[in-house]
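Trainee: I would like to be introduced to a structure that is new to me. Please show it, and then let me ask about it step by step.

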Amino acid sequence: MTDASAPTHYRLMTALKAIGPYLREGECESGTYLFDCLSVCVDDKKSPEVREFWGWWLELSKEEDNFVANYTLGKYDEKGDWVDIVIPKKSQLEVERTLEEFHKKLVSVLSGNYNYTVSLHKNSVDTL
């Protein structure tokens with residue numbers, strides 16, 4: 001894709017926002033996009049402001065005509081931080097399902113709208 005035909009950062013942001021509620025707009029900059037998904041509540045008996053979730057986060061980086069996706073699984077803690085820890089088996093399938101569903105949409109938008117490819121980073125989780 002030539003630079004003249006490449007979408008602007010803001011056009012990409014609009015397309016990525018349309019995928020779902022995952023994009024962390026305030027933490028994105030041109031060529032680097034951050035996503036996350038709170039898939040499974042750890043303990044729904046806790047009050048909403050201190051709930052923790054099992055899920056995933058994604059660092060998506062543009063490298064020429066390719067995007068590199070680095071997915072990590074873990075827990076979103078009550079402080080609002082992602083922690084890279086093993087997800088319990090009972091929550092694993094749902095977390096992987098949401099990740100796989102999102103990844104299909106991401107690839108569809110980036111390849112279908114802009115002819116970009118998406119590859120997995122060497123450190124990315126291997127559930128896809």
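The exchange below treats the fold, the core, the salt bridges and the cysteines in turn.

Mentor: This is a predicted model, in which local features need pLDDT of at least 70 and side-chain atom pairs count only at pLDDT 80 or more, while totals for chains, interfaces and linings use all residues. Residues are numbered from 1 along each chain as its sequence is written, and side-chain values use heavy atoms, with hydrogens and water left out.

Trainee: In what order do the elements of the protein chain run from the N terminus on?

Mentor: Helices (H or I, at least four residues) and strands (E, at least two) are DSSP runs, numbered from the N terminus. The protein chain has two helices and five strands. Read from the N terminus on, their order is α-β-β-β-β-α-β.

Trainee: How does the radius of gyration of the protein chain compare with the globule rule?

Mentor: The radius of gyration is taken over C-alpha atoms, and the globule rule is 2.2 Å times the number of residues to the power 0.38. The C-alpha atoms fill a box of roughly 50 × 25 × 20 Å along the principal axes. For 128 residues the rule gives 14 Å, and the chain is close to that, so it is as compact as a globular protein of that length, with a radius of gyration of 15 Å.

Trainee: What percentage of the residues in the protein chain is buried?

Mentor: A residue is buried under 20% relative accessible area, exposed over 50%, and partly exposed in between (1.4 Å probe, protein chains only). Among the 128 residues of the protein chain, the buried share is 43%.

Trainee: Why do the buried residues of α1 line one face of the helix?

Mentor: The buried residues of α1 are His 9, Leu 12, Met 13, Ala 15 and Leu 16. On the other side of α1, the exposed residues are Tyr 10, Arg 11 and Thr 14. The arc is that of the directions from the helix axis to the C-beta atoms. Seen down the axis of α1, the buried residues line one face because they fall within an arc of 165°.

Trainee: Which elements do the buried residues of α1 pack against?

Mentor: Packing is judged by contact, meaning heavy atoms within 4.5 Å. By that criterion, the buried residues of α1 pack against β1, β3 (66-76) and α2.

Trainee: Which element gives the largest share of the largest nonpolar core?

Mentor: A nonpolar core is a set of buried Ala, Val, Leu, Ile, Met, Phe, Trp, Tyr and Cys residues joined through side-chain atoms within 4.5 Å. The largest one has 31 residues, and Tyr 33, Phe 35, Trp 56 and Leu 110 have the most contacts inside it. At least two residues of this core come from each of α1, β1, β2 (53-63), β3 and α2. The largest share, seven residues, comes from α2.

Trainee: Which residues are linked with Arg 24 in a network of salt bridges?

Mentor: A salt bridge is a side-chain nitrogen of Lys or Arg within 4 Å of a carboxyl oxygen of Asp or Glu, and the whole structure has seven of them. Arg 24 meets Glu 27 at 4.0 Å, N to O, and its closest N and O atoms with Asp 36 are 2.5 Å apart. The latter pair links distant parts of the chain, with Arg 24 in the loop between α1 (9-17) and β1 (32-41) and Asp 36 in strand β1, 12 residues apart. The partners of Arg 24 in the network are therefore Glu 27 and Asp 36.

Trainee: Is Asp 36 buried or exposed?

Mentor: Arg 24 is partly exposed, at 27%, and Glu 27 is partly exposed, at 47%. Asp 36 has a relative accessibility of 9%, so it counts as buried.

Trainee: Where do Glu 94 and Arg 97 lie?

Mentor: Glu 94 and Arg 97 form a salt bridge, with the closest N and O atoms 2.6 Å apart. They are three residues apart, about one turn of the helix, and both lie in helix α2 (residues 89-114).

Trainee: How many disulfides does the count come to?

Mentor: A disulfide is a pair of cysteine sulfur atoms within 2.5 Å. The sulfur of Cys 28 is 15 Å from the closest cysteine sulfur, in Cys 37, which is too far for a bond. Cys 41 is in no disulfide, since the nearest cysteine sulfur, that of Cys 37, is 13 Å away. The count comes to zero.
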